[in-house]
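Me: I am in my first year and would like a close look at one part of this structure, namely its side-chain pairings and the residues around them. Please take me through it slowly, in one connected answer.

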Amino acid sequence: YGGCGTNYSYYATGYYQQSNLGLSQATPGATPIHDFVHEGQGFGYFSYQLSPFVKFSLFGGIEVNNNQFPNWPGVTPQYTLAGVNPANYPSTMLNENLDTRTYFAVAALQGTSGKLDYQLAYATHYVTINFLPDPIGDLIYLGVASSVFHSDYANQLTGDFVYHLSEAHTLNFGFYAGEYGVELDDTSLVFPATVINGQLVQTSDVPITVIDNLNKINWLLGLYAGDTWRLTKKLSLIYGVRFDQMLGFVNDNAFTPRLNALYQASETLALHAGVARYFQTPEFGAITTRSASAFAGTTQMIYGYPVTINYLPVAETDTYFDVGGVKRLSPHLVYSTDGYFFFADNEIDTGQLGETPIYAPFNWKNGRNWGVENSLTYNGKNWTAVLNYTYSMSE
C-alpha cells in the first residue's frame with residue numbers, strides 16, 4: 001500500500017506464510033519430519049520534502065521466523081537419562097526449534113547546499129537467535145541439551161558528504177560510528193562423565209546444569225576520504241583511503257586505500273581497472289563462545305578435553321584487484337565483462353561450532369578467490385532481456 005502528496009510519499013508492504021518445509025529437510029521425499037515454519041515480514045517507508053533541497057526519510061521493518069528443526073529417523077541413543085526408556089523416545093519425536101527475529105529503523109536527512117551534497121543517518125537494529133532444545137531427546141542422543149539465546153542491539157550514526165570542488169575534482173568524505181551490544185545466554189544440561197582408556201564414560205544418568213553467559217559492547221568507528229579526478233574527458237582516477245577501528249571482543253584496525261581508473265576509449269567502449277583494500281568484521285551477534293572450565297568433567301568432552309568454543313574471530317583484510325569493460329555492440333545490445341582476484345588474511349567463514357544449529361563466524365588463516373562475470377543485455381522497445389554467466393573459484 002502506498003501513496004504520495006505534494007511534499008510526502010509513503011509505502012508499506014508485508015507478507016505471512018507457513019509451510020511444512022522450513023529448513024533443509026533431513027529426509028528425502030515430500031513429507032519432511034518436524035520441519036514446519038511460520039514466518040512473516042513487514043516494511044514501511046515515509047519521506048517528506050522539507051524544502052526543494054532537503055528531504056527527510058524514515059523507514060523500518062520486521063522479520064519473524066519460527067522454525068522446527070528437522071529430524072532424522074533411526075538414530076541410536078548414546079546416553080541414558082534417569083526415568084526415560086530410549087525405546088519409547090525415537091529420534092523422530094525430537095522437538096527442537098530455532099526462532100529468529102529482526103527489527104530495524106532508519107532516519108535520514110539528505111540535502112544539498114551550494115557545492116556540498118550531504119546525508120546524515122541514524123539506524124537502530126535488533127536481531128535475536130533463539131535455539132530451544134528437546135530436553136529429553138537431546139540428552140539421550142547428544143549428551144547435551146543447550147538452550148541458546150543470542151542478541152545484537154546496534155545503534156549506528158553515519159555521515160556522507162560530496163563536495164564539487166571543480167570540474168576536475170569531486171571530493172567525498174564521511175564517517176561511521178556503530179555500537180553493538182551483544183548478549184550470549186547459554187544454559188546447558190549435560191551428564192557427568194570421565195575418560196577411561198581414551199573413551200568417554202557417562203558416570204551419572206542425572207544431568208547437571210551449566211550456565212555460560214556473556215555480555216559485551218562492541219564498537220566500529222570509521223573515517224574515509226576520496227577524490228574523483230577527471231584528468232581528461234576520457235580518463236578519470238578515483239582514489240581514497242579509509243580507516244576503521246574495531247573495539248570489543250577483539251581490538252583491531254586498518255588503513256584501506258583504493259585506486260581505480262576509468263577510461264572511455266570510444267563512444268561504445270569503456271574500460272576500468274582498480275585495486276583496493278577492505279576491512280571486514282565478523283557478525284557480532286552470531287559469535288559463539290563457551291568457557292572450557294565450565295564443561296570439564298561432562299559429556300561435552302573428547303579424550304578428556306572439553307568440547308568448547310573459546311575462540312573469538314578477528315577481522316578479515318582483503319586485497320582486491322579488478323579489471324573489466326563495457327562494450328555497446330549495437331543500439332540495443334550491451335556486453336560487459338569483469339575479472340577479479342583477491343586474497344584474504346584471516347578470511348571469515350561460518351560453521352556449526354557445537355551441537356546447536358547456530359552458525360558462528362570463524363577465521364581461516366588466508367584465502368584466495370578469483371573469477372570472471374559476464375553479462376549480455378538487450379533493450380527492446382517494450383522489454384529487456386539479460387543473460388549472465390559467472391565463473392568463480394576460491395581456496
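Reply: A good place to begin is the salt bridge between Arg242 and Asp244, in which the closest N and O atoms are 2.9 Å apart. Please keep in mind throughout that this is a predicted model. Side chains of opposite charge can pair when their charged atoms come close. The two partners here do not share one level of exposure, because Arg242, at 26% relative accessibility, counts as partly exposed, whereas Asp244, with a relative accessible area of 11%, is buried.

How many salt bridges does the structure hold? There are 2 of them, and the other one to look at joins the side chains of Arg368 and Glu395, with a distance of 2.0 Å from N to O. Arg368 belongs to strand 19 (residues 359–379), while Glu395 sits in the segment after strand 20 (384–394), so this pair ties together parts that are 27 residues apart in sequence. Arg368 itself is partly exposed, since its relative accessible area is 43%.

From charged pairs we can turn to aromatic ones, of which the structure holds 18. A pair of aromatic rings is described by the distance of the centres and the angle of the planes. For Phe243 and Phe255 the ring centres lie 4.7 Å apart and the planes stand at 45 degrees, so this pair is called tilted. Because Phe243 lies in strand 12 (residues 235–247) and Phe255 in strand 13 (residues 252–264), the pair ties together parts that are 12 residues apart in sequence. Phe243 is partly exposed, at 24% relative accessibility, whereas Phe255, with a relative accessible area of 60%, is exposed.

Phe362 and Trp364 also form an aromatic pair, and this one is edge-to-face, with 5.5 Å from centre to centre and 65 degrees between the planes. Phe362 is buried, with a relative accessible area of 19%, a value that falls under the 20% limit for that word. Trp364, by contrast, is partly exposed, with a relative accessible area of 46%. Aromatic residues can also be grouped beyond a pair, as in the one cluster that is formed by Tyr278, Tyr320, Tyr340 and Phe342.

The next residue to consider is Asn363, which has its place in strand 19 and is buried, with a relative accessible area of 14%. Where does the side chain of Asn363 reach a backbone oxygen? It reaches that of Asn346, at 2.7 Å. In addition, a polar atom of the Asn363 side chain lies 2.7 Å from the backbone nitrogen of Val314.

Asn363 also appears among the contacts of Pro313, a residue that, leaving aside its neighbours within four places in sequence, is in contact with Val250, Pro282, Ile287, Pro361, Phe362 and Asn363. Phe362, which we met in the edge-to-face pair with Trp364, is thus on this list as well. Pro313 lies in the loop between strand 16 (305–306) and strand 17 (316–328), and Pro313 is buried, with a relative accessible area of 2%.

Strand 17 itself holds Thr319, which counts as buried at 9% relative accessibility. The side chain of Thr319 is joined to the side chain of Arg277 by a polar contact of 2.6 Å. Leaving aside neighbours within four places in sequence, Thr319 is in contact with Ala276, Arg277, Phe341, Phe342 and Phe343, and of these Phe342 is one of the members of the aromatic cluster described above.

Finally, it helps to set these pairings beside a part of the surface. A nonpolar surface patch of about 720 Å² is made by Tyr1, Tyr8, Tyr10, Phe46, Tyr48, Leu50 and Leu58. Strand 2 (8–19) and strand 3 (37–51) each supply at least two residues of this patch, and strand 3 gives the largest share, 3 residues. Leu58 is found in strand 4 (residues 54–68), and at 40% relative accessibility Leu58 counts as partly exposed, which is consistent with a place in the patch because patch residues must have over 30% relative accessible area.

Note on methods
Residues numbered from 1 in each chain as written. Predicted model: local features only at pLDDT ≥ 70, side-chain atom pairs only at ≥ 80, totals over all residues. Heavy atoms only, no water. Patch = residues over 30% accessible without salt bridge, like charges linked within 9 Å, V, L, I, M, F, W, Y side chains within 5 Å. Areas by Shrake-Rupley, 256 points an atom, 1.4 Å probe, with all protein chains shown as cover. Salt bridge = Lys/Arg side-chain N within 4 Å of Asp/Glu carboxyl O. Helix = DSSP H or I, 4+ residues; strand = E, 2+ residues; numbered from the N terminus. Buried < 20%, exposed > 50% of the residue type's maximum accessible area, 1.4 Å probe, protein only. Phe/Tyr/Trp six-rings, centres within 6.5 Å; stacked < 30°, edge-to-face > 60°. Polar contact = N/O pair within 3.5 Å; in protein donor to acceptor, adjacent residues only side chain to side chain. Contact = heavy atoms within 4.5 Å.
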